[in-house]
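Student: Hello, I'm new to this structure and would like a close look at one part of it. Could you choose where to start and then take me through it in one connected answer?

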Protein chains: 2
Amino acid sequence: MAQVKPRTLSGFMELLPARQVQFDRMVDILRKNYSLYGFTPLDTPAVEAAEVLLAKGGGETEKQIYRFQKGDTDLALRFDLTVPLAKYVALHQNELTFPFRRFQIAKVYRGERAQKGRYREFYQADIDVIGDGALDIINEAEIPAIIYKTFTALGLSRFKIRVNNRKVLNGLFAILGLEEQAGDVMRTIDKLEKIGPEKVKAILVDDFSVSAGAADSLLALLAADDPMAALEPFKGKNERFDQGVSELSTVVGYLSAFGVPEDHFMVDLTIARGLDYYTGTVYETVMLDHPEVGSICSGGRYDNLAEYYTDKQLPGVGISIGLTRLFSVLEAQGYLNDGLVTAPADVLILPMTEDLSPAISFATALREAGVRAQLHCEKKKFKQKLSYADKLAIPYAAFLGEDEIAQGKVTVKDLTSGEQNTLTPSEAVALVQAGLAQRSAGAPITEPQL
Amino acid sequence: MAQVKPRTLSGFMELLPARQVQFDRMVDILRKNYSLYGFTPLDTPAVEAAEVLLAKGGGETEKQIYRFQKGDTDLALRFDLTVPLAKYVALHQNELTFPFRRFQIAKVYRGERAQKGRYREFYQADIDVIGDGALDIINEAEIPAIIYKTFTALGLSRFKIRVNNRKVLNGLFAILGLEEQAGDVMRTIDKLEKIGPEKVKAILVDDFSVSAGAADSLLALLAADDPMAALEPFKGKNERFDQGVSELSTVVGYLSAFGVPEDHFMVDLTIARGLDYYTGTVYETVMLDHPEVGSICSGGRYDNLAEYYTDKQLPGVGISIGLTRLFSVLEAQGYLNDGLVTAPADVLILPMTEDLSPAISFATALREAGVRAQLHCEKKKFKQKLSYADKLAIPYAAFLGEDEIAQGKVTVKDLTSGEQNTLTPSEAVALVQAGLAQRSAGAPITEPQL
């Protein structure tokens, strides 16, 4: 038979089973955490009409999008979860109740040049709160708490949430007479961390006609140790600026009430977030030991989610985690907790008699107690079956030989310690449950001890 | 601004929030059940090289597949989960441990003509056990138990699992001298239920040159009340037939040990399953009250999963649930249990003072106890906030006014019964937890009482 060489496309993550279990465990924690904050799960199609996805149009998106015809329909794969959300909310606006809080954890597609750490198919894990005409600042204040709780639940502790407000930046530009170049200036200072203040100043002055004085004031402010204090002298000069400072104060002010420790948070006036549609608070989250990774959770406040689809004013705030990339970073850095069970089963049952009924009954008892059990009935030697359990890192093996069956018992072997006990089925179930509780007491991420 | 009319493509299911929660609850149960039987989760890409997906080639698949170019790469969306599994196992064969048991619940794509109940993007929920060269019959015997437990856990009771064996059919064709027409005969009898015995006989005789006598013997056998007994007279005439009957007996024989009640199972010699690659046991599952829906869970044994990619012999057995279609049937028939909580949150917290700290603390206490809590801090009237909870069917509201705060208490209102209690935060958490335990005691499917 003519064969095709099996392969997986470059830029498409495909995990081996144990890694997949680790990935799924992270997804489960995200789902649970987002749910605890009152976000409802959505699942929009991965394929949409190209016209709908490209309503905003322009730039990188058009180049990267996977677009194709089927019959006479012009289709495309979603490139993020925000545009489908905008479509969903515009389409179903009369059936939804606002504020509408949704999370979606799903794959998106971008035909970028494949390179290390860049994926063409990758998971985003998004939450958004959408208001109907208005949305209180408290929603913006709650986001850092959600970020904090989410990463903490995943097992990460060495991270920092950076917050800024676009109104502060825009107001500042007005005060400094930089309104016309605002977009260019914002994109330039967004690169501050990457290229440093000298280069930023050079670009501002040479390319965008910013005066040296204005560039210096701006850079001094952005470098201030206490940004909130450094903003004080500019107050009273521009309404938008004042509003931004007030919003930023509110967000900072609620931090301790929401349970975000001070050392996990900072105001960083350099954060602009490239996207044009953010209008208020913006967020980034960085791993303290891996700043080179960039932000692992970003987002912000926007005034108009769905202006390309509806006249209805839909302000919102949202954040997104690039989960596939984050996972690949964690894997590469050795941050994945390999101590948790990754086997397909908790117990491998080895029947040793012709009659399988006692083994099947024990499997049923385990499953009814929530323990994952697999019968191994292949025609293999006993040693091979144990080696199977070993390769898969299955925590327990259970043997049912003639002696055990005659006594109504089962022999359970802890495959880590080698300890072996002959017990009644219900004792065996309890033993395994207790052992599994211990083995699952840990988060999916473990940070190296510094 | 130029606007695009928001729309979702025809044939692509997009659920409103409450329905999505019901769908996700079913997926959770499938995941949990498959896990209990020792299947490990996989997540292969939705996009593959077209050449890889179409390795087998031919017919409907080529017509229906979503295929497109990106750069100079010829890509396609997966149209099932079996072909990607074959690729995965062939590609990673040296890194996997056999028997390899995996489940995958994911979207697949078929560009069929959209019509009621047909989806172009739909979920399949598959399990497969893949052996390395050999695979014991006990794996085939366990499958009906998994089907039974899965649907029972979903809340369905009025269904029946039908089982046949392709070797029985093929052996029978040899005995009746129909070997040359075997494929055509098999496809024809697969239609028995749909078109009835007369038409099947006519097609067999007229189109495929089956003698009237052979057609009659075949149809009599297929209509037998006790199929296992009706097979007896044919034994000893054909090796394959005898093996098939022996396998079928083994599968039937293990049913009670595996806990499948007799009334949920039958041998049905008419089941062939169209796909060419089944070689042993085949399964279908029908809803007793909705036979028109066809099989809601089908599959079977195959001898060679990945022959298009590798010379390695990989026999297996698997089943698939067409989840999106099943969900739409359940919805249309009123089988979805609307008594379970579908709200985004369990408790809506209404702070009634300027200082939000006590409300935030209560939200934190709820979340730490696993209760989903949402703060409602929008500038809306009290009545509007209660109406928000009502529209979303949020079970509880919690009020924190000045009186409550002064006493260190919170007022919790059960929005179904209207009952209201002023309690300490920990009492309130306990009350809500107890109430939620009651409200979640039920399966996602409820059958009408007949």
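**Where the chains meet**

Tutor: Let's begin with the contact: chain B and chain A bury about 8400 Å² between them, 57% of it on carbon and sulfur atoms. Buried area here is the accessible area (1.4 Å probe) that two parts lose on being put together, summed over both. Please keep in mind that this is a predicted model, in which local features need pLDDT of at least 70 and side-chain atom pairs count only at pLDDT 80 or more, while totals for chains, interfaces and linings use all residues. Residues are numbered from 1 along each chain as its sequence is written, chains are lettered from A and ligands numbered from 1 in the order in which they are written, and side-chain values use heavy atoms, leaving out hydrogens and water.

Each side brings 100 residues to the contact, from chain B and from chain A, where contact means heavy atoms within 4.5 Å. In chain B, the residues that lose the most area to chain A are Glu14(B), Leu36(B) and Asp43(B), together 8% of what that side buries. The copies meet through the same surface, because 100% of the interface residues of chain B are also interface residues in chain A.

How are the copies arranged? Chain B is superposed on chain A by a rotation of 180 degrees with 0.0 Å of shift along its axis, at an RMSD of 0.1 Å; the fit is by least squares on C-alpha atoms of residues with pLDDT of at least 70 in both. The two copies are therefore related as by a two-fold rotation axis. In chain B, Phe68(B) has the C-alpha nearest that axis, 2.9 Å from it.

Now for chain A itself. An automatic or database assignment sets the domain bounds, giving domain 1 (135-303) and domain 2 (347-439) in chain A. Their centres, taken over C-alpha atoms, are separated by 56 Å.

Next, look at helix α14 (residues 382-392) of chain A, where Lys385(A), Tyr388(A), Ala389(A) and Leu392(A) are buried. Buried means under 20% relative accessible area, exposed over 50%, and partly exposed in between (1.4 Å probe, protein chains only). Helices (H or I, at least four residues) and strands (E, at least two) are DSSP runs, numbered from the N terminus. The buried residues of α14(A) line one face of the helix, because they fall within an arc of 95 degrees seen down its axis, an arc of the directions from the helix axis to the C-beta atoms. Among what covers them are β12 (347-351) and β13 (373-375) of chain A. The face turned away from the buried side of α14(A) carries the exposed residues Lys383(A), Asp390(A) and Lys391(A). Just after α14(A), Ala393(A) has a positive phi of about 60 degrees.

Two serines of chain B sit in loops. Ser157(B) lies between α5 (137-154) and β7 (159-165), and is partly exposed at 38% relative accessible area. Beyond its neighbours within four places in sequence, Ser157(B) touches His264(B) and Glu447(B). Ser211(B) is in the loop between α8 (192-208) and α9 (212-222), and is partly exposed too, at 40%.

Finally, the cysteines. A disulfide is a pair of cysteine sulfur atoms within 2.5 Å, and by that rule there are zero disulfides over all chains. Cys377(A) is buried, with a relative accessible area of 13%, and Cys297(B) is buried at 0%.
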